[in-house]
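Trainee: Got a minute to go through this one with me? I'd like to start with a loop and then move on to the sheet.

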Amino acid sequence: MRIGVCRRGFLRLLAILREALPEHEIFECDHTDVVSAAQDADVLIPIMTTIPPAALASPRLKLVQQYGVGLDGVDIAMLSRDHLADL
C-alpha cells in the first residue's frame, strides 16, 4: 500500500509510520502536489493541507486519514454524495 503524507517536513511522523508499517511505502508530497500524489496513493494523510475534489476522485484512493483534528480541508459532502450513489 502507498501512503502519502501531504505536507513536507514532518520527519518524525514519517519515521513512526515507516517503523509501524514496514511492508507499506510511506512517502511525503508537497501540499501543491496532492492531486498528482492521489493518483498513485491508497491513503492520503493531510497535514494542514486541503484535499481538492480532483484528488478525491482518484480511483486508487481508498482513505483520507486526517492527522490531528477537523476535516475542514476535505469535501465531506462530495464524498458522501458520491459513495451514497454506489449503495
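Trainee: Where does Met48 sit?
Mentor: Met48 is in the loop between strand 3 and helix 3 (53-56). Keep in mind that this is a predicted model.

Trainee: Is Met48 buried or exposed?
Mentor: Exposed. Its relative accessibility is 65%, and the cut-off for exposed is over 50%.

Trainee: What about the phi of Met48?
Mentor: Positive, at about 50 degrees, and Met48 is not a glycine. Most residues other than glycine have a negative phi.

Trainee: OK, on to the sheet. What is the strand order?
Mentor: The order is 2-1-3-4, in an open sheet of 4 strands with parallel pairing.

Trainee: Which strands are at the edges?
Mentor: Strand 2 and strand 4 (63-64); each of them pairs on one side only.

Trainee: How many bridges join strand 3 to strand 4?
Mentor: There are 2, and these strands run parallel. Val43, for one, has Leu63 of strand 4 as its bridge partner.

Trainee: And helix 1, what does it touch?
Mentor: Helix 1 packs on the sheet and touches strand 1, strand 2 and strand 3. Its direction makes about 170 degrees with that of strand 2.

Trainee: Now strand 1. How does it pair with strand 2?
Mentor: In the parallel sense, over 4 bridges, with strand 2 covering residues 25-28. Strand 1 is also joined to strand 3 (residues 43-46) by 4 bridges, and those two run parallel as well.

Trainee: What are the bridge partners of Gly4?
Mentor: Phe27 in strand 2, and Leu44 in strand 3.

Trainee: Why is strand 1 largely enclosed?
Mentor: Strand 1 covers residues 2-6, and 5 of the 5 are buried, so the rest of the structure largely encloses it.

Trainee: Which way do its residues point?
Mentor: Arg2, Gly4 and Cys6 point one way from strand 1, and Ile3 and Val5 point the other way. In a regular strand the side chains alternate between the two faces of the sheet.
Mentor: From strand 1, the chain crosses through helix 1 (residues 11-20) to strand 2. That β-α-β crossover is right-handed.

Trainee: Back to Arg2. A buried arginine caught my eye. Which ring face does Arg2 lie over?
Mentor: The face of Phe27, at 4.2 Å from the ring centre. Phe27 is also the strand 2 bridge partner of Gly4.

Trainee: Last one. How many aromatic pairs are there?
Mentor: The count comes to 0, with ring centres required to lie within 6.5 Å.

Conventions: Residues numbered from 1 in each chain as written. Predicted model: local features only at pLDDT ≥ 70, side-chain atom pairs only at ≥ 80, totals over all residues. Heavy atoms only, no water. Buried < 20%, exposed > 50% of the residue type's maximum accessible area, 1.4 Å probe, protein only. Pairing = 2+ DSSP bridges. Right-handed = clockwise from strand over helix to strand, strands pointing away. Contact = heavy atoms within 4.5 Å. Axes fitted to C-alpha atoms, helices over the stretch in contact; angles between N-to-C directions. Phe/Tyr/Trp six-rings, centres within 6.5 Å; stacked < 30°, edge-to-face > 60°. Lys NZ or Arg CZ within 6 Å of the ring centre and 35° of its normal.
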